[in-house]
Amino acid sequence: MKNLKQKKYPKWFYLVLILIPIFLLIVLELSLRLFNYGIDQRQWIEINENQITLNNYIAKRYFHSTLNAPLVLSSSFLKEKKKNAFRVFVVGESSAAGFPYLPNGSFSNYIEDRLRLLYPEAQIEVINCGITATNSYTWLDLFPGILDQKPDLIIFYGGHNEYYGALGVASTESFGSSRWLIKFSLWVDKFKTTELLRNTIKWISSIFTKKSFTNQSNSTLMAKLAKGQYVPLNSELFNKGVKQFEDNLREMLQLAKANNINVVLASLVSNLKDQKPFVSKNQANIAGADSIYEKAIAELKSGKQNNADSLFRLAKDLDLLRFRAPEKFNLTINKLAKEFNYPVANIDSLFASVSSNKIVGNNLMTDHLHPNLFGYQLMGKKIFEVLEQNKYLPNAIPQNIPQEKQDSIVKAEFNFSKIDTLIALYRIRILKNDWPYVEDVNEQNLNRIKLSNIYDSLAYFVASGSLGWGNSHKILADKFLREKNFTAYKKEMSILINTFPYQVEYCDNLIDLLIKNKLYEEAYPFLLIRYNQSPNAFSTKWLGYVNFSRKNNKQAIQYFEKSLLYSHLDAEVYFYLTGAYGRDAKFDKALDAIKKCLELNPDYPNGRAVLQLAQNEVKKRK
C-alpha cells in the first residue's frame, strides 16, 4: 500500500484560516456597536451641541460582579476649549468627589468659586472626575481621555481605596495583582464583544446556580468590595497595594510631564483620634491595632502629644481592614512629587495644625476618612495657595481683592444650603448602619429617622437614592418662589446653576427676576455664566449695561455690539451704546446708534436730547 503524501496547502490558505475568525470578530463588534448593545462606555458624553461631561455610568467599566456601580455626577465643560478658558481636572475617589456632600461640597467647588471670584471674565472649568469606590487603576484608565481635553492643571487626591476599590489587590472586583493583566483587561473591556461574552457567562451561571451572579444585597458599595478581605501591615498583599499605587501614579505623572501639564498632588488625611481600628488581631512580635489605639489614648491623656500621634498612626496602619490609606502612601506621594518636580499640598499636616492636640479627629471628619464641609474648604484653600505659590493660575489679570478676604467671600457665598447638610447627615447614617461599623444592616435604624418637614423628607429621599439631588433643590426653589421668599429662591437657584450651568433656563429664570428688581450687580455673575454657556441678545445686553454702569466702556461696547448681532431691534441697547460711544469719543458711531434707537422707538425717553448732543459733537469735530 502506497504511503499517501500529506497534501500541502499554499501559505495564503493558512493566512485565510487565521483572518476568518478575526474578520468575524470585527463584524460582530461593529454590529454590536451599530445596535448600541450593552452599556454606554464612552468616557465623555454630550449634554448639548456645545457641552460634554464625564459619563454618569462610566463606573460600570470597572464593576462587573457588583450590583449598582456608583453614579457619577461631574461638571460639564465646552467641547471646544475657549482661548480664555482655564481648565482643571480633579482625579481621585469619593473624598475627591466630596462625599458625603457631593456634588457641591467638595474642595474642587471651593477652588472653582475662588477662581471665578478672581477671574470673572475667564472661562473657569473645574471638572471633578472623582468616583466612589475606585482606585488608581480607574484614574489611569481615564487619564489619556483627560489629557485629550487639554487641561491646564490636574489635581490628585486619592489612595484610601487602593486595596478595596475596583481592581484593587484585595477587592472582590479584582483580577489579581498582575499589572499588565489588569491593564490588558481594561483595554479588552472597552469592546462590546467582551461585554456580550461576560453577559452570556452570567446568564448561563444564573441557570445553574440558585444564588445570583451579582451581589444583590443592600450593603454599601465598599462593604460589598471589602468584607472579609484583610490585609496585614507589611504582608505580601500590603506591599502589592503600595507598588500598585506607586506604579500607576508614576505612569500618570510621566504622561502629564510629557504633555507639559501642571499637576498638584495632595497628601492623604484620615480620622486618627476618633476612629478605632475596624479589625484588630495580634501579629508576631506586634500588638494588635486595638491595643496600640488604647495606648495612644492613654498617651494623649498624659499630655504626650507626639507619642500619641505616632501611636494613632501605627494603630491605623495595623488595622487589618485597609479602609484608610497607610502612611507609606504619603511617603510615595512625596517621593513621586520630588521625582517629577510637582508640588504637594500637605493636607495631612494642615488638618493636624488646626486640630486639638494636633491630631485629626471628628473636628474635621464625618467618618473614618471623609472630611466635613469645613475640612473640604480647608483643603480647597490649601490647594489654591499651592497654585498661587507655583504660578499655576490663569494667565490673566486678577480682580484686586485682598488675599485675606478671598477665603471669607468664597465661604460666605458657597453654593450650599440647609438641605445639603441634611443629605450629608443621612448619607453618613446610612454608611454607619452597615459593616464594618455594624455587623449587619439594620433597616429599623433607618426607619426610625423622623421626617418632620420638607427638608427632612427631601434629604432622606436623596440620600436613599429615590430622588435626584438636583430635583430636591428645584422643589425647594419653586416653593420659595411661590412664597415670594426671593433670597432663599436665589440661593437654591445659585446651587442649581453652579452645578448644571448648561441648563440655561435656570440662569434665565433667576436673571429675569433679578433684572426686574433692578438687582443688576447681583445678576452679573449669572449673566457671565449664561454668556459663557450660550450667549444671546438678553445676556449680552445686560452684561453691557452693568459694565456701562461701572464705566467700563470697552467691555460695555463689546457686549452691546454682540447683543445687536443676536437682535438689532432693541432700542434700549442702541441708547446705552450711544452713551458708551460718547464716553469713548466715538461721536460718529454715537450718532448712528441714537438714530437707530429713535427709528425703533421715536418716543424713547431722552432720545431726542441725546440725538441733539451727538449731532453737536459731530459738528464740532468737522
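Two strands are taken to pair if DSSP finds at least two bridges between them, and strands themselves are DSSP runs (E, at least two residues) numbered from the N terminus. The structure is a predicted model, in which local features need pLDDT of at least 70, side-chain atom pairs count only at pLDDT 80 or more, and totals for chains, interfaces and linings use all residues. Residues are numbered from 1 along each chain as its sequence is written, and side-chain values use heavy atoms, with hydrogens and water left out.

A good place to start is strand β6, which spans residues 153-157. On one side, β6 runs parallel to strand β4 (residues 85-92), to which 5 bridges join it; here Gly92 lies opposite Tyr157. Strand β7 (residues 262-266) also pairs with β6 in the parallel sense, over 4 bridges, and Asn262 of β7 faces Leu153.

Burial (under 20% relative accessible area, 1.4 Å probe, protein chains only) extends to 5 of the 5 residues of β6. In a regular strand, side chains alternate between the two faces of the sheet. Both faces of β6 are covered, with Leu153, Ile155 and Tyr157 buried on one side and Ile154 and Phe156 on the other.

Elsewhere, an open, antiparallel sheet of 3 strands follows the order β1-β2-β3. Its edge strands, β1 (44-46) and β3 (76-78), each pair on one side only. Between β1 and β2 (residues 51-54) there are 3 antiparallel bridges, and Glu46 stands opposite Ile52 of β2.

Turning to cysteines, Cys129 is buried at a relative accessible area of 4%, and Cys597 is buried at 0%. A search of the whole structure finds 0 disulfides (pairs of cysteine sulfur atoms within 2.5 Å).

How values were computed. Buried means under 20% relative accessible area, exposed over 50%, partly exposed in between (1.4 Å probe, protein chains only).
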